[in-house]
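User: I am new to this structure and would like a close look at a single part of it. Could you take me through how two packed helices are arranged, and then add what can be said about a sheet in the same chain?

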Amino acid sequence: MTQVSMTVNGKSATGTVEGRTLLSSFLRDTLELTGTHVGCDTSQCGACVVHVNGVAVKSCTMLAAEADGAEVATIEGQANADGSLNVIQQAFQDHHGLQCGFCTPGMVMSAAALLKDNPKPTEAEVREYLEGNICRCTGYHNIVKAIMAASGQDVAIAAE
Amino acid sequence: MPKDGGIGASSKRREDVRFLTGAGNYTDDINLRGQAYVHFLRSDIAHGTITNIDTAAASAMPGVVRIFTGADFQAVGGLPCGWQITDRFGEAMKEPRHPVLADGKVRHVGEPICAVVADTLEQARDAAEAIVVDIDELPAVVDMAKALTADSPKVHDDLSDNMCYDWGFVEENKEAVEEAFRNAAHVTTCELTNNRLVANPMEPRVALGDYDRSSDNSTLYTTSQNPHVIRLLMGAFVLGIPEHKLRVVAPDVGGGFGTKIFHYAEEALCTFAAKALNRPVKWTSTRSEAFVSDAHGRDHVTTIELALDADNNFTAVRTSTLANMGAYLSTFAPSVPTWLHGTLMAGNYKTPLVYVNVRAVFTNTVPVDAYRGAGRPEATFQLERVIDKAARELGVDPIALRRQNFVSEFPYQTPVAVAYDSGDFHRLMDKLEAQADFEGFAARRAKSEAEGKLRGLGINCFIEACGIAPSNLVGQLGARAGLYESATVRVNATGGLVVMTGSHSHGQGHETAFPQVIAEMIGIDESMIEIVHGDTANTPMGMGTYGSRSIAVGGSAMVRATEKIINKAKKIAAHLMEASESDIELKDGAFSVAGTDKSVAWGDVTLAAYVPHNYPLEDIEPGLEETAFYDPSNFTYPAGAYACEVEVDKETGAVTIAKFTTADDFGNVINPMIVDGQVHGGLVQGIGQALMENAAYDENGQLLSASYMDYAMPRASDVPMFTVDHSNGTPCTHNPLGVKGCGEAGAIGSPPTVVNAVVDALQSGGHKVDHVDMPVSPARVWAAMQG
Ligand code: FES
Ligand code: FES
């Protein structure tokens with residue numbers, strides 16, 4: 001068992017973990033930040049995406065111990081300071097970019113990372129970037145729309 | 001003008017706020033004090049006799065609390081099947097025992113053999129590795145046709161063979177159908193596979209059992225679409241716990257698509273173990289486990305024939321299907337290839353004679369049950385493929401052939417038991433033709449060809465039976481349940497309402513859409529209405545959500561309960577205004593006396609109900625709370641016309657969806673934004689089935705596509721933006737909202753649309769191809785182009 005400490009959503013967090021404990025379980029089980037979801041065991045689904053030192057990471061592929069000393073951001077820390085939804089979260093609600101909500105934390109965290117690097121992506125770039133995030137509910141249509149809207153753009157859809 | 005509230009408004013979803021901020025409450029987010037963890041040791045071979053289970057070493061490992069085996073479940077029931085099919089000869093289907101933990105034999109990869117309970121999950125997993133299970137491997141049978149041969153291995157030794165049932169529908173029409181085929185001017189035949197799928201809701205299943213010794217009450221938290229059904233099935237048939245001693249909670253559930261309808265072994269195990277150990281017991285499925293333990297979907301092999309007369313009128317349809325049940329009967333498995341499939345074989349057409357034969361087969365594979373659409377996608381796929389093929393054989397326009405045979409008068413009694421109450425298939429097709437820009441197709445095809453691609457246009461029409469279902473009818477058909485829905489509407493003293501519904505939301509947005517209906521009825525703000533669902537302790541007995549039934553059946557129950565509320569409130573208002581009850585009108589949240597300027601606000605009446613100082617106590621009770629159970633008198637019949645354009649890469653055979661357009665009839669629509677989203681999601685599941693998804697077994701019963709590395713889930717870059725429309729709804733005539741249901745349409749309508757488009761593309765390139773089996777993978781398309 002080792003002691004790890006990191007900053008999570010701006011607050012310092014400490015816990016004792018086994019060497020094999022994943023960052024996703026540390027967040028969910030130790031810190032009780034259950035907004036980060038686990039949808040697979042092969043690093044394919046992206047439900048677990050968080051930011052580690054500003055970079056989008058699948059928290060199921062990283063050991064908690066590897067994140068020792070890091071700055072971690074999760075879905076719980078995304079809202080504005082007054083508690084209102086941030087631009088991306090608000091766009092997801094406005095454009096119905098979520099149904100069951102299970103993929104949503106990962107989608108929002110991925111979208112945030114994309115827009116940080118590429119503030120005006122094309123529709124194709126959004127779809128490409130979401131390669132590692134599976135949603136079974138929305139058919140992606142409204143997720144793409146939401147991310148485009150969060151970037152201040154509209155998606156052209158024939159006859160809509 | 002878009003409405004800003006009530007029926008027909010695209011109200012934003014209130015549940016989104018918690019989901020977008022990480023505040024959802026999914027089953028795996030629940031942890032109880034002192035909980036233990038269970039890990040299932042599952043069979044890695046498909047068929048064999050268990051000769052020995054040695055748990056001694058494992059039991060001694062750190063943290064191990066108890067290891068359960070099949071022996072612990074001898075005294076309890078097996079997992080029940082909720083639907084009995086009677087075969088062509090009047091015999092009941094074969095119904096083998098489905099043990100909670102393997103009982104002497106294993107019959108599919110993934111079948112649970114032992115359940116290891118330990119203080120931590122890691123300890124449970126480690127201990128499972130120390131269990132020694134000796135299994136004498138037996139030959140497995142995976143292929144359905146082979147399973148029906150005389151020398152096939154038997155999945156169940158105590159059954160005479162692997163056939164669950166041999167069903168004929170409509171059996172009395174069999175001769176007349178043969179006759180029609182003898183007299184046909186043209187017969188088109190298709191042999192089709194409806195590929196096996198894994199539903200894959202993104203949230204894996206979870207079960208958390210809890211037991212309270214002081215009250216002797218058990219609680220199960222589970223990822224279910226229908227907690228009351230689980231309580232009844234597990235309590236009455238498996239564990240022998242009466243409903244009043246058992247609570248089932250399905251909190252936020254991360255998608256279902258059918259596979260979370262069923263009662264699973266893990267639920268029974270956790271509930272049983274929590275009581276046996278007097279401590280909470282939790283199981284969280286891994287995705288790898290989900291692939292071999294969630295019920296699969298589809299897996300039909302069919303021959304369909306269509307008979308036409310000299311004028312191209314459809315005169316008869318005849319089908320013969322093998323339907324895979326897997327190793328055991330999952331909860332509703334037998335109903336899927338029969339009543340949810342055979343009754344749709346008339347489709348949108350006035351074909352007078354239909355005969356459907358289905359042989360359901362046991363194999364050494366994971367049980368197969370309902371998956372989004374359940375039976376109706378299979379029916380649509382067959383019918384729309386054979387019609388498309390017939391059009392090509394006859395050299396007629398596929399749309400014209402369909403239009404010529406459309407049912408155009410409603411109500412319409414089909415030859416397959418169901419009666420369509422409303423619809424307008426021509427108008428849907430008109431809408432589709434207009435918005436899919438068929439005129440521009442030739443130019444788009446030319447452009448694709450200039451880029452070295454073949455372009456195809458596929459059309460499809462479908463109808464489905466939703467709003468499941470009239471209880472007396474399904475009872476006659478073998479359902480061992482009623483299929484009504486319930487709602488309790490509780491009005492509080494200050495005028496707010498809580499609706500406790502038997503429907504369950506796992507992505508459908510009930511918490512937003514249901515209040516829209518009540519807000520419209522009373523004329524108050526949606527924010528005054530709260531929806532409670534998912535907990536048997538505080539909702540009336542209801543059957544849950546599947547089969548696009550929530551708004552049609554659950555919504556109707558809520559309307560009926562609200563009508564009772566309004567009737568009683570009018571009595572109170574009449575008393576308060578000293579007027580006659582028959583003169584009271586409710587509008588915009590106020591009661592008024594017709595023809596006067598007297599009125600009282602909604603809140604005054606609700607307050608009077610709970611503070612009955614000035615109140616007709618001799619006539620009515622205080623309080624304002626009503627319950628209604630709604631049992632539909634018919635199914636609802638959503639229908640649609642879909643168009644898809646694909647591009648086929650001539651070099652690789654890769655298929656790209658270039659354009660997808662829908663025109664749906666969902667009857668009246670409560671929240672268009674949510675309905676659009678349901679269609680998008682269904683479309684991508686159907687496109688996934690058509691192009692990439694496949695649960696493939698090898699001949700030894702090993703699932704080859706058992707993770708996201710091998711099972712191709714549609715990703716964002718696999719699909720385009722969609723053009724969807726539901727502006728041509730014909731209201732359902734028999735429920736109070738005129739609604740039909742929209743959850744499954746996309747998944748039902750899209751697979752044949754895609755395949756029809758691929759065939760069109762290939763034929764445009766001069767390839768003599770009239771069918772490609774799903775999933776239409778690059779390899780299959782490439783082979784078809786060579787061929
Ligand atoms: S849980 Fe991390 S990618 Fe699926
Ligand atoms: S909203 Fe359900 S998986 Fe994306």
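Analyst:

**Helices α17 and α18 of chain B**

In this predicted model, helices α17(B) and α18(B) are oblique to each other, because an angle counts as oblique when it is not under 35 degrees, not over 145 and not from 65 to 115, and theirs is about 40°. Helix α17 covers residues 672-691 of chain B and helix α18 covers residues 745-764 of chain B, and where they pack their axes lie 7 Å apart. The crossing that α17(B) and α18(B) make is right-handed.

On the side of α17(B), the residues that make the contact are B:V679, B:G682, B:L683, B:G686, B:I687, B:Q689, B:A690 and B:L691, while α18(B) contributes B:G746, B:A747, B:S750, B:P751 and B:V754. Sorted by class, the contact of these two helices holds eight nonpolar and five polar residues, with no charged residues.

Turning to the sheet, chain B has an open one of five strands, ordered β7-β17-β16-β15-β8, in which the pairing is mixed. Its edge strands, each pairing on one side only, are β7 (163-169) and β8 (186-194) of chain B. On average, and with direction ignored, neighbouring strands of this sheet are turned by 10° against each other.

Within that order, strand β15 (residues 300-308) and strand β16 (residues 314-326) of chain B pair in the antiparallel sense, over nine bridges, and B:A307 stands opposite B:A316, a residue in β16(B).

Technical notes: Residues numbered from 1 in each chain as written. Chains lettered and ligands numbered in written order. Predicted model: local features only at pLDDT ≥ 70, side-chain atom pairs only at ≥ 80, totals over all residues. Heavy atoms only, no water. Axes fitted to C-alpha atoms, helices over the stretch in contact; angles between N-to-C directions. Helix = DSSP H or I, 4+ residues; strand = E, 2+ residues; numbered from the N terminus. Left-handed = near helix turned anticlockwise from the far one by under 90°. Contact = heavy atoms within 4.5 Å. Nonpolar A, V, L, I, M, F, W, Y, C, P; charged D, E, K, R; others polar. Pairing = 2+ DSSP bridges.
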